[in-house]
Amino acid sequence: MVSGFHFRGDGAGRHRVPPVMCGNCGTDRYLIIRSVTDMPAQPPEVVLVSYTCSRCGTFDEHPAQAVDLNQVLARPEQAADVLILGSNYMHCRQPMEQAGSELRKLSVPVSTEEGAKDALGVYLSTRVLRCDCGFQMELPE
Ligand SMILES: [Zn+2]
Ligand SMILES: [Zn+2]
């Protein structure tokens, strides 16, 4: 009599948070994880996750089990993405190390009308984060 009601097999004793999946497509296969944030009021295994489904474009954000999230992140197509976990930037599912600061000079054309002969030098201080795999990124400070 209860057949046909699909339930995620191992969900019985868990906290009542929605699974990390596209409610429209009914799968986590196409998800692009946008951010992961600590939820201080929740147990540590519950995080606030936001994601987009690359198949149908649905955006969702809700508390989720870190276990569910890790299942999605374990997919090979997620490996290149940078995650924000609280104040940490994650790559290869580990926090990235701060590798130093850089001063970047950006050349900004003052005007596109009067011939761009004057370029304004803008210095931008950035924070360099590096992952064990060699990936690094720069963030404005
Ligand atoms: Zn979808
Ligand atoms: Zn990495």
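**Exercise 1. Val 47, a residue of strand β2**

Task: Decide whether Val 47 is buried or exposed, and find out which residues Val 47 is in contact with beyond its neighbours within four places in sequence.

Solution.
- Step 1: Val 47 has a relative accessible area of 7%. Buried means under 20%, so Val 47 is buried. Please keep in mind throughout that this is a predicted model.
- Step 2: Place Val 47 in the fold; it lies in strand β2.
- Step 3: Leaving aside neighbours within four places in sequence, list the contacts of Val 47: Val 36, Thr 37, Met 39, His 62, Pro 63, Ala 64, Ala 66 and Leu 69.
- Step 4: Pick one partner and compare sequence with space. Val 47 and Val 36 are eleven residues apart in sequence, and their C-alpha atoms are 6.5 Å apart.

**Exercise 2. The chain as a whole**

Task: Work out how many helices and strands the chain has, and in what pattern they follow one another along the sequence.

Solution.
- Step 1: Count the elements: there are one helix and nine strands.
- Step 2: Walk along the sequence, and the pattern reads β-β-β-α-β-β-β-β-β-β.
- Step 3: Add the burial of the chain. Of its 141 residues, 24% are buried.
- Step 4: Turn to the surface, where the chain exposes about 9600 Å², with 53% of it supplied by carbon and sulfur atoms.
- Step 5: Look at how contacts span the sequence. Taking contacts between residues at least 6 apart, 43% join residues at least 24 apart.

**Exercise 3. The nonpolar cores**

Task: Find which residues of the largest nonpolar core touch the most other members, and which element gives the largest share of this core.

Solution.
- Step 1: Start from the general tendency: in soluble globular proteins, nonpolar side chains tend to be buried together.
- Step 2: Here, the largest nonpolar core has 16 residues, and those touching the most other members are Val 20, Leu 31, Ile 33, Val 36, Val 49 and Leu 69.
- Step 3: Two or more residues of this core come from each of β1, β2 and α1 (66-73). The largest share, four residues, belongs to β2.
- Step 4: Look for a separate group. Another core, of five residues, lies apart from the largest one and includes Met 96, Cys 131, Met 137 and Leu 139.

**Exercise 4. Two polar contacts**

Task: Identify which side chain joins that of His 62 in a polar contact, and which joins that of Thr 52.

Solution.
- Step 1: Begin with His 62, which is found in strand β3 and is buried at a relative accessible area of 8%.
- Step 2: The side chain of His 62 makes a polar contact of 2.8 Å with that of Tyr 51.
- Step 3: Beyond neighbours within four places in sequence, His 62 is in contact with several residues, including Pro 18, Val 20 and Val 49. From His 62 to Val 49 the C-alpha distance is 5.7 Å, although 13 residues separate the two in sequence.
- Step 4: Move to Thr 52 in strand β2, a residue that counts as buried at 14% relative accessibility.
- Step 5: The side chain of Thr 52 meets that of Arg 34 in a polar contact of 3.0 Å. Not counting residues up to four places away, Thr 52 also touches others, among them Tyr 30, Gly 57 and Phe 59.

**Exercise 5. The zinc site**

Task: Name what coordinates the zinc ion (ligand 1), and explain why the pair Cys 22 and Cys 56 ties together parts of the chain.

Solution.
- Step 1: The donors are the SG atoms of Cys 22, Cys 25, Cys 53 and Cys 56, at 2.2 to 2.3 Å from the zinc ion.
- Step 2: Check the angles among the four donor atoms; they run from 100 to 114°, and the site is tetrahedral.
- Step 3: Along the chain, the donors follow the spacing C-x2-C-x27-C-x2-C.
- Step 4: Cys 22 lies in the segment before β1 (31-38), while Cys 56 lies in the loop between β2 (46-53) and β3 (59-65), so this pair ties together parts 34 residues apart in sequence.
- Step 5: Finish with burial: Cys 22 is buried at 2% relative accessibility, whereas Cys 56 is partly exposed at 33%.

Definitions and conventions:
Residues are numbered from 1 along each chain as its sequence is written. Chains are lettered from A and ligands numbered from 1 in the order in which they are written. This is a predicted model: local features need pLDDT of at least 70, side-chain atom pairs count only at pLDDT 80 or more; totals for chains, interfaces and linings use all residues. Side-chain values use heavy atoms; hydrogens and water are left out. Donors are N, O and S atoms within 2.8 Å of the metal (3.2 Å for Na, K and Ca); water is not among the atoms, so sites may look incomplete. Four donors count as tetrahedral if all angles lie between 85 and 135 degrees; four count as square planar and six as octahedral if opposite donors are over 155 degrees apart and all others between 65 and 115; anything else is irregular. Buried means under 20% relative accessible area, exposed over 50%, partly exposed in between (1.4 Å probe, protein chains only). A nonpolar core is a set of buried Ala, Val, Leu, Ile, Met, Phe, Trp, Tyr and Cys residues joined through side-chain atoms within 4.5 Å. A polar contact is a pair of N or O atoms within 3.5 Å; within protein, one must be able to donate a hydrogen and the other to accept it, and residues adjacent in sequence count only if both atoms are side-chain atoms. Contact means heavy atoms within 4.5 Å. Accessible areas come from the Shrake-Rupley method with a 1.4 Å probe; for residues, only the protein chains shown count as cover.
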